[in-house]
Amino acid sequence: MAIEKHHVKSKLAVAYQLIHTPRISRHIPDTELLRESSFYRMLSKHDKIYLKPDQGRKSRGVIRVERLRDDSYKLRQGTEVNYVDGKDLWTSVKGITEDSRYVVQRAVDSVTKGGRPFDLRCHSLRVRGKWKVGGICGRLGEHGSIVTTSHYGGTPVLLRTLFKRHLEYTAKERIKMNRKLERCVLRTVRRVSQMYPNLKEFAVDIGIDRHKKIWIYEVNIEPLIRGNFKLLPDQALFRKIKRMREIAR
Ligand SMILES: Nc1ncnc2c1ncn2[C@@H]1O[C@H](COP(=O)(O)OP(=O)(O)O)[C@@H](O)[C@H]1O
Ligand SMILES: [Mg+2]
């Protein structure tokens, strides 16, 4: 597939490129432009799906739809929960999403041993033409939340703490996962940088399912570090990324 050059964020454009990239495609959850047909196709394949604004950020407008028994559905957005009958489902979804372009994506079961949702913020920079991982941190959502962003009650945590305390990985599993993540992030940003050749910084948002499989939720262009790395109990990564920014090109 030809690589298009982009200047604005588009979750869909990035997902489409990555879905067609060997060794990355298996990390991309099923993702499509939200339309009535794609919505029902996704729901027939997956019990839970996410609807997200194509150009969204900070979890704004993120909705989760969950199929329950008896043709009823649970819709969640922020702290709001609604139960909707099958026959009214598309009308409700359309009502909430019609003001902007949305993508529909299968949900990844990325939860801690204690049942809290989590994901990883993987920050990457291009230093003298070479892509490097500046830092990875975890983000823990509140119990029952559908997102992990600090703007919605989520808490950034050190990767080590997340893996050890919340996922109960052994030392060996931690080392293996760190290596897998680093490789996956670098492959991803190298590819995405072909779409945005002028950008020298990306952040990949990643979930990990119960089988320790890595799933890429989105790739952020022009990522900020105040809402995540700055809030960690240890500022080492925050300072490291700031230093790398000075020499990034
Ligand atoms: N497919 C998914 N499965 C599970 N959780 C998801 C999925 N997509 C997004 N999320 C949750 O919603 C948050 C926001 O989604 P994201 O794609 O990162 O959009 P935004 O641009 O708003 O940051 C993620 O940080 C994650 O916690
Ligand atoms: Mg995100």
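A residue counts as exposed here if 12 or fewer other C-beta atoms lie within 10 Å of its own. Keep that cut-off in mind for the close-ups below, which all show a predicted model.

**View 1. Arg 23, in the loop between helix 1 and strand 1.** Welcome to the first stop. Helix 1 covers residues 11-19 and strand 1 covers 31-33, with Arg 23 in the loop between them. Arg 23 has 11 other C-beta atoms within 10 Å, so it is exposed. Look at its backbone too: phi is near 70°, a positive value in a residue other than glycine.

**View 2. Lys 212, in the loop between strand 10 and strand 11.** Here the count of C-beta neighbours inside 10 Å is 12, so Lys 212 counts as exposed. The phi angle of Lys 212 is near 65°, again a positive value in a residue that is not glycine.

**View 3. The shell around ligand 1, with 22 residues.** If you would like a way in, start with the closest residues: Val 108, Val 147, Thr 148, Tyr 217 and Glu 218. By character, the shell divides into eight nonpolar, seven polar and seven charged residues.

**View 4. Strands that contribute to the shell around ligand 1.** Three to find are strand 2 (48-53), strand 10 (201-208) and strand 11 (214-221). Each of these strands supplies at least two residues of the shell.

**View 5. Ligand 1 between domain 1 and domain 2.** Now step back to the domains. Domain 1 spans 31-106 and domain 2 spans 110-247. Because both domains give residues to the shell around ligand 1, the ligand lies between them.

Key: Residues are numbered from 1 along each chain as its sequence is written. Chains are lettered from A and ligands numbered from 1 in the order in which they are written. This is a predicted model: local features need pLDDT of at least 70, side-chain atom pairs count only at pLDDT 80 or more; totals for chains, interfaces and linings use all residues. A residue is near a molecule or strand if its C-beta atom, placed from the backbone, lies within 6 Å of it. Helices (H or I, at least four residues) and strands (E, at least two) are DSSP runs, numbered from the N terminus. Ala, Val, Leu, Ile, Met, Phe, Trp, Tyr, Cys and Pro count as nonpolar, Asp, Glu, Lys and Arg as charged, and the others, Gly among them, as polar. Domain bounds come from an automatic or database domain assignment. A residue is buried if 20 or more other C-beta atoms lie within 10 Å of its own, exposed if 12 or fewer, and partly exposed in between; C-beta atoms are placed from the backbone.
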